[in-house]
Each structure stands twice: as C-alpha cells, then as structure tokens.
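Colleague: I'm still new to reading structures, and I'd like a close look at one part rather than a quick tour of everything. Could you take me through it slowly?

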Amino acid sequence: MASFNPSGYEKYSGSAAEATKFGQDAATTGIPVSSSNAYYSDTSQTTNTRPQTKTRVPWSSGLCGCFSDWRNCCITCWCPCVTFGQIAEIVDKGSSSCGVNGALYTLIACVTGCACCYSCFYRAKMRQQYMLKKHPCGDCLVHCFCEYCALCQEYRELKSRGYDLSIGWHGNMEKQSREVAMTLIPPTVEGGMSR
C-alpha cells in the first residue's frame, strides 16, 4: 500500500498478502516490493527558478568629477599610490594595509609602468561589493585610459558611503562602533530635580 509523504518520496508498506505475493516475509521493511520506481517525484512543484540578480546602482559621481574634491584630486595627481592604498585598505576590509598596497602599486608602476593592471582589480572588487554599474566601460579600460580619474571616482564613492579614508578601515570601524554606542546610551539629564 502506498502512502503520500510530503518530503518528496513515496514509502511502501506492504500488507501481509502483498508480501507473500512477492515472496517476502509479512514484516514491513520499508523496501519497495514492486519493480516500479519507488520514488515519488512531483514535477508540478519543480520550477525553473534562476537566482535573483540584484540590480546594479550607478556611481555616486561621474568619472570626470575629479574637481569636486580638489584636495584628493591633487594628491592623486602627484602621488596616486596614496589614494590607491587608501582605497585598497577599505575594499579589502582591513586585511591589507594602506602602506603595503601603496608600496606595491608604486613598485609595479616603476617596474612595468602599468600600475593600472593592479588597480583595475580593486575597482572590480569594489563594484562587486557595492553592486555598482560598469560605467562608462570595463574596469581595465577605465584604469588603462583614465587611471587618475578612476582612482578619484573610487575615492569619492567610498567617501559618499560614509568612510573617512584618511583613518583607514580599523579607524572607520572604531568610529562606527562609537557612534552606535552613543545612540544606545540614553542622554543624561543635567541638574537635579527642581522643587
């Protein structure tokens, strides 16, 4: 006798007459006694679902908006390794330091002249983390042709998301935890009760 099991398969528990018919003992073993498929498959519940893709959001500023933050624009123009190091530390969530990333960027720039090959990977990683659109073109092309503008744009994007890149990842986490703690502590009333 077959019984429906909502977990997705059908169990057979044969009666004594069915068991003797197939040459088995009368005890129920849970093993199918017929040659038909013992498993139940409900194709009406099977749907072809694709994972929902999150929509990508635009960058907070354009690629050529470098002069909106003139201080960072000047630092990036004269010493792009500093801006890159700050970006990389935030994107790596503190697993690598600003100094190490900046030094590696400088070494690659001095040896090959193509530090953009290193920095474009961080742009791609940042776009993945924040679900940013590929704009105006692919990450490697943006860094290859507009390295300084791309670094400034990434800096502004992280800044618009509330990061202070000058204090690094750990400094931002401490600042954030202090702000959360301040919102949890109720304000104290100064002075005593008036009579």
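At what angle do helix α3 and α4 pack, and how far apart are their axes? Please start there and then follow the chain outwards to whatever connects with that part.

Modeller: Happy to. Keep in mind that this is a predicted model, so everything below describes a prediction.

Let's get our bearings. The protein has eight helices and two strands. Reading from the N terminus, the order is β-β-α-α-α-α-α-α-α-α, so the two strands come before the helices. Of the 195 residues in the protein, 30% are buried.

Now your pair. Two packed helices are described by the angle between their axes and the distance between the axes. Helix α3 covers residues 80–91, and helix α4 covers residues 98–111. The two pack at an angle of about 135 degrees, and their axes are 7 Å apart. Because of that angle, α3 counts as oblique to α4; to be called roughly antiparallel, a pair needs an angle over 145 degrees. The crossing of α3 and α4 is right-handed.

Next, look at the loop between these two helices. K93 is found there, and its backbone has something to notice: phi is positive, about 55 degrees, although K93 is not a glycine. K93 counts as partly exposed, because its relative accessible area is 49%.

D92 lies in that loop too. With 11% relative accessibility, D92 counts as buried, since the cut-off for buried is under 20%. D92 forms a salt bridge with K125, and the closest N and O atoms of the two are 2.6 Å apart. K125 sits in helix α5, residues 116–130, so this pair ties together parts that are 33 residues apart in sequence. At the other end of the bridge, K125 is partly exposed, with a relative accessible area of 37%.

Before we follow that bridge into α5, run your eye along α4. V111 belongs to this helix, and V111 counts as exposed because its relative accessibility is 64%. Together with L104 and L107, V111 makes a nonpolar surface patch of about 280 Å².

Back to helix α5, where R123 is another residue to find. The side chains of R123 and D139 meet in a salt bridge, 3.7 Å from N to O. D139 is in helix α6, residues 139–145, so the bridge links parts of the chain 16 residues apart. R123 has a relative accessibility of 1%, so R123 counts as buried. D139 counts as buried as well, because its value is 8%. There is a wider picture here: R123, R127, D139 and E154 are linked in a network of salt bridges.

The loop between α5 and α6 deserves a stop as well. M131 is found in this loop, and M131 has a positive phi near 55 degrees, in a residue other than glycine. P136 is also in the loop between α5 and α6. The peptide bond leading from H135 to P136 is cis, with omega near 5 degrees.

Carry on along the chain and you reach helix α7, residues 147–160. Helix α7 packs with helix α2, residues 70–78, at an angle of about 140 degrees, and the axes are 10 Å apart. Because of that angle, α2 is oblique to α7. The crossing of α2 and α7 is right-handed.

Inside α7, find L151. L151 has a relative accessibility of 0%, so L151 counts as buried. Try locating C81 as well: L151 and C81 are 70 residues apart in sequence, yet their C-alpha atoms are 9.7 Å apart in space.

One last salt bridge: E157 pairs with R161, and their closest N and O atoms are 2.9 Å apart. E157 counts as buried because its relative accessibility is 2%, whereas R161 is partly exposed, with a relative accessible area of 35%. The count for the protein comes to six salt bridges, and among them are D92 with K125, D139 with R123 and E157 with R161.

So, to return to where you began: α3 and α4 pack at about 135 degrees, which makes the pair oblique, and D92, in the loop between them, ties that region to helix α5 through K125.

Methods. Residues numbered from 1 in each chain as written. Predicted model: local features only at pLDDT ≥ 70, side-chain atom pairs only at ≥ 80, totals over all residues. Heavy atoms only, no water. Patch = residues over 30% accessible without salt bridge, like charges linked within 9 Å, V, L, I, M, F, W, Y side chains within 5 Å. Areas by Shrake-Rupley, 256 points an atom, 1.4 Å probe, with all protein chains shown as cover. Salt bridge = Lys/Arg side-chain N within 4 Å of Asp/Glu carboxyl O. Helix = DSSP H or I, 4+ residues; strand = E, 2+ residues; numbered from the N terminus. Buried < 20%, exposed > 50% of the residue type's maximum accessible area, 1.4 Å probe, protein only. Axes fitted to C-alpha atoms, helices over the stretch in contact; angles between N-to-C directions. Parallel < 35°, antiparallel > 145°, perpendicular 65-115°, else oblique. Left-handed = near helix turned anticlockwise from the far one by under 90°.
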